[in-house]
Amino acid sequence: MRQAHIEYSASDLDYSKAAKFAANLARKDVGLGEPVLVAWYDRRAARMSPVIEGADLRTRWRDYGVSHGGRLEIDVAGDYEFVYADSSEFDHYEECPYINIRDAQGSEYICHARLLKDRHTPTNDACVALDEWTSKLT
């Protein structure tokens, strides 16, 4: 895995700013057609993603990133680390023809979008009401 470092010495650095710096660098990287963040580590707050219970914070997030296609590791000021993979190798999904919408009373429906005249109003010919059980399936 290739490694990059972003130096930043101002005191206003937080996770959000570090993540933006890393994402900008990843987008410019010629080795990543479509960069996708697969793991990160915030040393200041002692947290990582993905959260892996009982894991060593210093290494487990990186192991996950490597094992899930990580190609670029970006360190920001020694406090934040990000692992990016290239998602361009994966198939793209077609647009889903189904959408979830709520009516004026707050009831939820799953609807075939192409059959709706108004994407905000459920109709009997395009939609099925969701109950507590079926809403967990969508």
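Me: How is a helix picked out, and what length should I expect of one?

Reply: Helices (H or I, at least four residues) and strands (E, at least two) are DSSP runs, numbered from the N terminus. The expected span of a helix is 1.5 Å times one less than its number of residues. Here, H1 has 14 residues and reaches 20 Å from its first C-alpha to its last, close to the expected 20 Å. This is a predicted model, where local features need pLDDT of at least 70, side-chain atom pairs count only at pLDDT 80 or more, and totals for chains, interfaces and linings use all residues. Residues are numbered from 1 along each chain as its sequence is written, and side-chain values use heavy atoms, leaving out hydrogens and water.

Me: Which residues of H1 are buried?

Reply: Buried means under 20% relative accessible area, exposed over 50%, and partly exposed in between (1.4 Å probe, protein chains only). In H1, Ala18, Ala19, Ala22, Ala23 and Ala26 are buried. They cover an arc of only 135° around the axis, so they sit on the same side of H1; the arc is that of the directions from the helix axis to the C-beta atoms. Lys20, Arg27 and Lys28 are exposed on the other side of H1.

Me: What covers the buried residues of H1?

Reply: Contact means heavy atoms within 4.5 Å. The cover includes E1, E2, E4 and E5.

Me: In what order do the strands form the sheet?

Reply: Two strands pair if DSSP finds at least two bridges between them. Five strands make an open, mixed sheet in the order E1-E4-E5-E2-E3. Strands E1 (2–6) and E3 (47–49) stand at the edges, each with a single partner strand, so one side of each lacks a neighbour in the sheet.
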